[in-house]
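Hi everyone, thanks for making room for me this morning. I'd like to walk you through one model, piece by piece, so let's put it on the screen.

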Amino acid sequence: MGVEMEKEKGEKGRCCELKLRVSETFDLEKAVCSHGLFMMPPNYWHSPSKTFLRPLRLSLFHDYANDDADDHHHDHHASRSHLVSISHSQDDAQSLRIRVFGTRCLSSSQQEVLLDQVKRMLRLSADETMKVKGFQDICGEARERNFGRVFRSPTLFEDMVKCILLCNCQWPRTLAMARSLCELQLELQHQSCSVAVSDNHNEDVKFSKTESQLFIPKTPQIKESKRKSGGQITTSDTTKADRALQMCCDPCQNLNKIYEPDSCSLSYLQFPEDIGNFPSPRELASLNEGFLAKRCNLGYRASRILKLARSIVEGKIQLRKLEEACDGTECSTNYEMLSQKLMGIDGFGPFTCANVLMCMGFYHVIPTDTETIRHLNQVYSRKSTIKTIQKDVEEIYGKYAPFQFLAY
């Protein structure tokens, strides 16, 4: 997988371009529009041009504890986010065109960090490529459709938080909470708010009128219909590729404020102006729980997200070691060990753990909830219940082991 870099600049803006080699069968649209996570801000899919956009960091220092970051991750200035677009190269079918806006050059370490995030989102590692081939060998339909990659976030922390946002609410609110967190990240980046939002983890914070106005939520509050199934609020489906593709046209299409990133972008690529990147653990760790819950309409999730962020910053949870446990052939044997570690995190029940482990590359367990029950009833006429759902999914998808989730 080779990388080339070119510089471009226009009268109104600046950007640089990377080219990332991919296999001749790689399809960006199918790799992105394969799971509901791609619709959660700050991800943005521009369907007409088949271009994926979102902010990415040039340093991941803020995503790790001090002793869990490489030397080049300690560049605080490089932790600033840049808008990045990813598309197929028009002159080379086996290359992705990656454009980084707001800079004319990238150091070798910045290129490495950025490309690592791209490869993680699109699952371009050698191990993931082998899994694609393995699944397509079992499932002829997947081979015909060139399916086998499931989109995920550029960092494990973002995946973990978004899996928390999936629980016990409907899809519109999940999207709204993710967007509010991205709005907040932009506000935190541009405002000097350490006194306003930090409480040393305990004390309540009193905001002045001026301070509170800086953080008025821009995202409309979502009113959920209280549909119930088996006594639980029905969660939205985020797994079926076909249903995701039906919704893939510009998840932010109703935004009033949009902008064209700069003159070296395509003029019709529109990315929302009023959201930033997904917040890092360090950006969240010092926030007041009450403030975060109210600002992003998170409810009880605010406490769980803050505890997760603080545990990462303090080194109690080491994301790099968790991901290293999934590398290579030992991945399947480590599932139970990783599951036990995740279950020890506040708010990580079986459904959240299974979703996070799927993001980490484990496909033999299907996360099940009331939406899974609805899906089996609609597609397979199975009258499943919470007690029988695991048995039912195994009977239907067991033949695709160890890739049951991909078949689902």
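Before we start, one term: helices and strands here are DSSP runs, with at least four residues for a helix (H or I) and at least two for a strand (E), numbered from the N terminus. And please keep in mind that this is a predicted model.

Let's begin with the strands. Take a look at β5, which covers residues 81–88. Seven of its eight residues are buried, so this strand is mostly covered. On one side, β5 pairs with β4, residues 51–57, in the antiparallel sense, and six bridges connect them. One pair to click on is Phe52 with its bridge partner Ile86 in β5. β5 also runs antiparallel to β6, residues 95–101, and five bridges join these two. Here you can pick out Ser85, whose bridge partner in β6 is Arg99. β5 and β6 form a hairpin, with six residues between them.

Now for a charged residue. Is Glu17 buried or exposed? Glu17 sits in strand β2, residues 14–21, and its relative accessibility is 3%, so Glu17 counts as buried. Its side chain has a partner: a polar contact of 2.9 Å links Glu17 to the side chain of Arg97.

On to the nonpolar core. The largest one has 107 residues, and the members that touch the most others are Leu114, Leu122, Leu292 and Leu308. Let's zoom in on Leu122. If we set aside neighbours within four places in sequence, Leu122 is in contact with Phe26, Leu28, Ala31, Val32, Leu96, Arg149 and Phe151.

Next, a helix. Which residues of α17, residues 389–397, are buried? They are Ile389, Asp392, Val393, Ile396 and Tyr397. Looking down the axis of α17, these buried residues fall within an arc of 105 degrees, so they line one face of the helix. The general background is familiar: an α-helix has 3.6 residues a turn, so residues three or four places apart point the same way. And what does the buried side of α17 pack against? Its buried residues pack against α16, 370–380, and α18, 404–407.

Let me finish with the backbone, since I know some of you like to check torsions. As a reminder, most residues other than glycine have a negative phi, and most peptide bonds are trans. Pro41 and Pro42 are joined by a cis peptide bond, with omega about 10 degrees. Pro42 is in the loop between α1, residues 28–32, and β3, residues 44–46. There is also a cis peptide bond from Ala401 to Pro402, where omega is near 5 degrees. You will find Pro402 in the loop between α17 and α18.

Then come the positive phi values. Arg123 has phi near 55 degrees, and this residue lies in the loop between α2, residues 108–122, and α3, residues 126–138. With a relative accessible area of 1%, Arg123 is buried. Asn146 has a positive phi as well, about 55 degrees, although it is not a glycine. Asn146 lies in the loop between α4, residues 140–145, and α5, residues 156–165. How does Asn146 count in terms of accessibility? At 26% relative accessibility, Asn146 is partly exposed, as that class runs between the 20% and 50% cut-offs.

That's my tour, and I'm happy to rotate the model to any spot you'd like to revisit.

How values were computed:
Residues numbered from 1 in each chain as written. Predicted model: local features only at pLDDT ≥ 70, side-chain atom pairs only at ≥ 80, totals over all residues. Heavy atoms only, no water. Buried < 20%, exposed > 50% of the residue type's maximum accessible area, 1.4 Å probe, protein only. Pairing = 2+ DSSP bridges. Polar contact = N/O pair within 3.5 Å; in protein donor to acceptor, adjacent residues only side chain to side chain. Arc of directions from axis to C-beta. Contact = heavy atoms within 4.5 Å. Core = buried A, V, L, I, M, F, W, Y, C linked by side-chain atoms within 4.5 Å.
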